[in-house]
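Grab your viewer and let's work through a couple of exercises on packing and empty space. Have a go at each task before reading its solution.

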Amino acid sequence: MTFTSRLKATEFDPLLVDYKVQSLLDMSYCALRQRNFKLALTKLNETRNRLDLCQNPLIKSIYWNEIYCDVHLKRHQIQSSTSTLSSLLSTSVAKELKKMEIKINSLKIIDQQTAQLNSTYIQLNSQFCRTVIDFLLAHPQAYHNYEHDEKIPQAKQKQLEMFLYGLENNNQQIQQADCLIHELFNKCVNILKDNIEKQETDLQSLSISIRQAKENILSRDYNELASVCDDYLRRYENNEDENNLMANLFTGGHGNDIAKLVVKSVLLSMKYGSNEGVKRFSRLLQIVDLYPDTMDLIADKLQEIPCWMFFDCLYQITAHLDKPIALKLYPLIEQIVQLYPQSIVYPFKLSYETLQNSVTDPILKHNLDSIHEKLNRYTPLVNEFIEALNQLNPQQQFDAWSKELFHLLTNDPTTRDIDKLKSHLSRLNEVLFSNCINLDETNDDQYIPVNTQDSLNSNENDNTSSKPKITSIRILFKNAVEKEFNNLFGKNGELFSTISLGEARLVLGNISLKLKTIIQDKSNINDYSTWFSSTFQQQNRILDKSSIRELEIPGQYTSKKKPLIEHHIKIVGFDETLLVLHSLRLPKRITIRGNDENDYRFLVKAGEDIRQDQRIEALFSIMNDLYDNDPNCNQSNSAHIAVRTYKVIPMSSKLGMIEWLDNTRPLKDLIEESYNSQELDVITNQGQHPRKLYQDYVTSTYQTAKPAAKTANNTLMYAELFLSLTKDQVREEFNHIQSVVPADLLRRAYYKIANSHEGFYTLRRQFITSYAVLCTSQYILGIGDRHQSNFLIDTTSGQIIGIDFGSAFNAATIHLPVPELIPIRLTRQLTQLMSPVGTAGLFRATMIQTMNALRENSDLLLSTMDVFIKEPLMEWMEHALKTSKQVAQNETNIVHSDDTYAKDRIKSARLKLNGINPAVITGSDLKLNNFLRSSNLKGARRQMEKVVAGDRIETKRAQILLKYNSNRHHKLTVDEQIDCIIDQATDVDILGRSWAGLETFM
């Protein structure tokens, strides 16, 4: 036999054919994962006629079908601007899925491979149903038009009928959108339920290794079932079904049944160890409020889940302790309090601050107080720790005391409650003129009976050292202001009946400034409180002895693994030196000594609520999981794609700790330090500071247009920029301001950081990648107020980190006096560092990769956002106003969020994840801005909308909108969406009309 004939004979060798087909299928799968759909289909075509020659043709055939369907479903999702229901159905995906269903039913699930094939089919079936339902919700006539399209061959018609009723039973015809949606949803859910039931039946008879693999797959299927049901349930709740096509799914008792299915699926996925289930649990607390019949189901299933899996949900769980579900959650919370008290102590205390006075139900009140009492016994040092942290911020304590006093003084002098005012005055001594930590809740009589380190080492020296001493700050403050207080209020408050509110505001405002002056030079922690040194004296500590008097460094508990408390880092002391940051509220950086002989730095922030930052960091963590699971974001030859996160620990509504990021500098500082002496002289000594020039430009524009006006607020002044100036005038003024600032200041800063040219390119690459990821993530969450001080640069890696997320969910556009119109910050200093390619290279490519990952896996993100926005103890709108520098801190016209606001914000996020043009979303948000609703500002708002929409000749976002016949809600491809975001963010016509505080000229 010749060599050629032998070679031809080997082509029919089953082993060799099987190996070749498997290799080609694996290549096709890899191409699919990297979104190279053309290559994936090419490799599939090469294997199509060889499947029957393989050793196990059924498995190979199912694998082939799955890749084929996945290719077309993903291509349809990514190429959303050109995809239609017709283009999807014409690929015969529905028919292939039906064929796969028949094959799967004949497949025996005996090992991990067959279980994985079965689970993948379930996922693809679900994805197809959801894709078609979404199309029908947006275009109810889409399937009717497909069936009556003469260009569609008869063989490709009735695709959905074949998918729903079988390949042979295709005589039925359904073209009404609501009926199709109902049938598709039920088919998707029933297949998931039947498959899960079948898998759980066989679970007990499997070996440990196969059983564990099957449990992982089961948890995935449970999450998919929860995702499908909850996605449409949330849309129905948020009134996103504009054509009322989902009414059949949720009216009557159907909504309650689907809610129960969501609850059961999430809890069982957690039972099988799913981290995604943990992230979905907070949503169940919402469901119970809306569907009370699900409450008993939660109570039954909670017992099957380890209590440590709920650590990441504790802020949401404790926020619901005033609701009926609290009765079912109480055993879980009690278990956590017993086993891991320091995991729940901060979330509980934060909620207790609000709930202790609002809970009226006697049982709920008893449970709340019981948890409070137990935590005081199990974590006695925590109360002292929080009080000591409060004492680091005497100015905030004084300002809070003054605010309460002003409230008491607002009444008519003849009707003032003098006794209450005198009592409030006496509190000043406790708040500011003493160093006494309130130990009422943590005295030794309440400790549970154990041998503590303190009892083992008590001696006379300890008793002496533990006595509170008044600190230098309080002595200085008392000496400086005591006379003023006596003159204002009288020594014992006898002048309260005659003092005016205006006089009190003036005097106390001056006293607050004196206190700020005293504080800003004090860098020793003992100047604020002696607790830090007296409580952790070395002679009072015995290492390796467990004790309730031990205090863990906060932020060590996570739902991803069972905690080993003996390995948790305990506090053994504090560095005496602290750093006072010279910002509005003078936050302090403290250094904690851990028992592992390492130092841990935290920023203590008082006078503001940092819960929003904590929730945003949680959303970033979910996004990072999505990036990690996406192959395009996780290539070995590229920089790691993830948002840099940090720990945020809210302790009360006015106090919290934030993990300090070492080796970082504010972006603003790096830029300003890069001026040379000549450039600095022009800016500082010759009156050419760009901020001043910009403010003069805003003021002169308004004065030119309104010469008779004496005063004006920011809204009116900036509105005039839109009413009076043309695009060319704005460009001329803006370029003039930019001309006094060198374009390469940030580039110079990176050259200084780098040790070589190669180092500079590495740092720059890290900057571009990290900033692109941050921009995509912040765009989806609607993070605004992105001025230069809200970014940190890691000087060791070059990465950029976002901080201070006071304005989220597009609040900067909706609620600020001067609405923000840029979707991300992309000003000249940033783009010049990316030169010579600019935003068109790595930055754009990384944004596309990350946006792809988010758009393909948007459900979990939207579900978590829905929970956070509707959280009962959070006020996102109020927080945005309070944290903005645009709004004076004493303004009282705070607008509280409501259910309509929450639904609207979720809809906005969904539009972003659906690829809607960012200019359209910004324009819609502008219509909601309360500051622009007055009749004299309607013209300005219309002009803002016009500027945001862009110029069809020059701006890409306007050209793309025109490309789709001005269809404002046309789904763009990811590439088009990113191009529109970059275009809007770099448009001089917008940058030159933005609020001066953003410093868009830098």
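The exercises below cover the nonpolar cores and the cavities of this predicted model.

**Exercise 1.** Find which residues touch the most other members of the largest nonpolar core, and which helix gives the most to this core.

*Solution.*
- Step 1: Collect the members of the largest nonpolar core, and you get 183 residues.
- Step 2: Look for the ones touching the most other members; these are Phe128 and Phe281.
- Step 3: Sort the members by element. Helix 7, spanning residues 112–138, gives the most, with 12 residues.

**Exercise 2.** Work out which residues Phe281 is in contact with, leaving aside neighbours within four places in sequence.

*Solution.*
- Step 1: Apply the contact cut-off, heavy atoms within 4.5 Å.
- Step 2: Drop those sequence neighbours, and Phe281 still contacts Val266, Leu267, Met270, Leu302, Phe310, Cys313, Ile317 and Leu329.
- Step 3: Now check for another core. A second, separate one has 115 residues, including Phe620 and Met944.

**Exercise 3.** Say how many cavities of 30 Å³ or more there are, then describe the lining of the largest cavity.

*Solution.*
- Step 1: Search the whole structure, and 7 cavities of that size turn up.
- Step 2: Take the largest cavity, which holds about 170 Å³ of space.
- Step 3: List its lining: 17 residues, with Asn810, Thr813, Ile822, Pro823 and Lys912 nearest the centre.
- Step 4: Split the lining residues by type, giving 8 nonpolar, 6 polar and 3 charged.
- Step 5: Ask which element supplies the largest share; helix 42 does, with 4 residues.

Terms used:
Residues numbered from 1 in each chain as written. Predicted model: local features only at pLDDT ≥ 70, side-chain atom pairs only at ≥ 80, totals over all residues. Heavy atoms only, no water. Core = buried A, V, L, I, M, F, W, Y, C linked by side-chain atoms within 4.5 Å. Buried < 20%, exposed > 50% of the residue type's maximum accessible area, 1.4 Å probe, protein only. Helix = DSSP H or I, 4+ residues; strand = E, 2+ residues; numbered from the N terminus. 1 Å grid on protein atoms, 1.4 Å probe; cavity = no way out; pocket = protein on both sides within 12 Å on 5 of 7 lines; lining within 4 Å. Points joined across faces, edges and corners; volume = space filled by probe spheres on them. Nonpolar A, V, L, I, M, F, W, Y, C, P; charged D, E, K, R; others polar.
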